[in-house]
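Some notes on the model follow, set out as numbered points. Please read them with the structure open.

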Amino acid sequence: MAAAAMALQVVAGGGCCCRRPVLGPGRRRRLAAARAVASDAAAAKVSEEEGKGKVRLGGSDVAVSKLGIGAWSWGDTTYWNDSEWDDRRLQEAKAAFDTSIDNGMTFFDTAEVYGTALMGAVNSESLLGGFIKERQEKEQIDVAVATKFAALPWRFGRGSVLSALKKSLDRLGLSSVELYQLHWPGLWGNEGYLDGLADAYEQGLVKAVGVSNYNEKRLRDAYARLKKRGVPLAANQVNYSLIYRTPELNGVKAACDELGITLIAYSPIAQGVLSGKYTPEKPPTGPRANTYTPEFLTKLQPLMNRIKEIGESYGKNPTQVSLNWLTCQGNVVPIPGAKNAGQAQEFAGALGWSLTGDEVEELRSLAREIKGIKMPIEES
C-alpha cells in the first residue's frame, strides 16, 4: 500500500523526491509494441463479433446479437395472451425461440416477474430454460440470457439479490447468465442491490450486470458505485422507440454513450403499434388500449404512412423499418417481443441493411409531432 501511495505521488507530482524512472529507447519500443498488439487484438475481437452480427454489452466481455428477443409475453396472463396461457401459446413461443436462433437472434431477455404464478401463468424463465435445454439436446447453440431482479419493497440488502439470482438460475437450468439487471429502482436499498450485483459478478454467477428503467442520475450513481468494485455497468434497459424517445430527451441515451453503457431498448415497436396493424378503427385491445387510443392512432397516421413508403423502397415492412431506425442510433440493442415464429422471422428482416441518415432524421422529425405517451417509472 505504501509503495502504491508513493507511486501515485510521483505521478501527481506530490512532493516525493524520487524521480520517475527513465525508459531507454529499447524498452519504450517494447512497451509501444505491446500496446499496439493489445489494441490490435481488441480491434480484431470487435471486428470478429461484428462479423458474426454481434455487439459488446458496454465495457463487459459479453457479446450479443444486434437484435435480441424479449420474453415478457411468454407464460404471461396479466398483460398479454388475453389472460390465458395454453398449449397452443406454448408451442408458438417455442417456435418463436427456435426461429430466432435459426436467424441469428440469440440474445433473450426475461425476468423473474414475467409470468408470475397468477391466473394460470407460467414463469417465463422456466419456459426459456426449457426451450434452451430442448434445443441443446439436438445441437450445440450459442445463447445469451439476460434476466432481472425485482426490487420489491420487502427485499433488503445485497443478499436478496444473490438469493433471487440463484432462484432464477434454477428456473433457467443454468449455472450463470450473461446479464443480470435490476428491473427498476427500488423505493430504498438501491446501493445494497448494486453491491449484490457486484457480488454476483465476482462469484461468476453472471458475466455482466445492468440496470433497467434508470434515469440519468441513477444511472451515473450506479456506474460510479460499481466502478469502485471494478465491475463495469454493461447496460441500461429502457423504453425506447421511434414514438417514445424519452431516453434522447432526459439525458439517458447521452449518458449511456458517454459512459460506454449499452442501451437495451424494450418496447422498440411500441408494443406492436409501429407494426402498422392497428388503426383508429382497429385499436389494440386489453391494457394497451388505454395508451394507444383511436385519438392517438389518428395522430400517428402521417408517420406510419411515411414509414411504409420508406419501407417499400427497401422491400421492408413498418416493423422492420422501426427496428432498423433504432439500430441506426448506435449503442442500442432492441429487444422486441416475439410471440410466434412469424414475428421472429419478421424481426430478422430488420438486420443486414440500414436507413440513410436523412431518412433517420426525417422519421424523427415526423415523430416529434406525436405526443401523449408517458412512462413515469423513468422519472422517479
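1. N213 counts as buried in this predicted model, because its relative accessibility is 5% and the cut-off for burial is under 20%. The residue sits in the loop between β7 and α7. Its phi is near 60°, which is a positive value in a residue other than glycine.

2. Helix α7 covers residues 216-228. Its 13 residues should span 18 Å at 1.5 Å a residue, and the end C-alpha atoms are 19 Å apart, so the two figures agree.

3. Which residues of α7 are buried? They are L219, A222 and L226. Viewed down the helix axis, the buried residues of α7 fall within an arc of 65°, and therefore they line one face of the helix. K217, K227 and K228 are exposed, on the other side of α7.

4. The cover over the buried residues of α7 includes two helices, α6 (190-202) and α9 (252-259), and two strands, β7 (209-212) and β8 (233-239).

5. The two ends of α7 can be taken together. At the N-terminal end, N215 acts as the cap: one of its side-chain oxygens is 3.3 Å from the backbone nitrogen of K217. K217 is also among the exposed residues of the helix. After α7 comes G230, with a positive phi near 75°.

6. The loop between β9 (262-266) and α10 contains S267, and A270 lies in that loop too. S267 has a relative accessible area of 13% and is buried. A270 is buried as well, at 2%. Phi of A270 is near 55°, again a positive value in a residue that is not glycine.

7. What does S267 touch, apart from neighbours within four places in sequence? Its contacts are N239, Y240 and S241. Of these, N239 belongs to β8 (233-239), one of the elements covering the buried residues of α7.

8. The last point concerns a helix pair. Two packed helices are described by the angle between their axes and the distance between the axes. For α10 (residues 294-314) and α11 (residues 318-327), the axes come within 9 Å and cross at roughly 95°. An angle of 65 to 115 degrees counts as roughly perpendicular, and α10 and α11 are therefore roughly perpendicular to each other. On the α10 side, the residues that meet α11 are M304, I307, K308 and G311. Their partners in α11 are P318, V321 and S322.

Technical notes: Residues numbered from 1 in each chain as written. Predicted model: local features only at pLDDT ≥ 70, side-chain atom pairs only at ≥ 80, totals over all residues. Heavy atoms only, no water. Helix = DSSP H or I, 4+ residues; strand = E, 2+ residues; numbered from the N terminus. Expected span 1.5 Å × (residues − 1). Buried < 20%, exposed > 50% of the residue type's maximum accessible area, 1.4 Å probe, protein only. Arc of directions from axis to C-beta. Contact = heavy atoms within 4.5 Å. Polar contact = N/O pair within 3.5 Å; in protein donor to acceptor, adjacent residues only side chain to side chain. Axes fitted to C-alpha atoms, helices over the stretch in contact; angles between N-to-C directions. Parallel < 35°, antiparallel > 145°, perpendicular 65-115°, else oblique.
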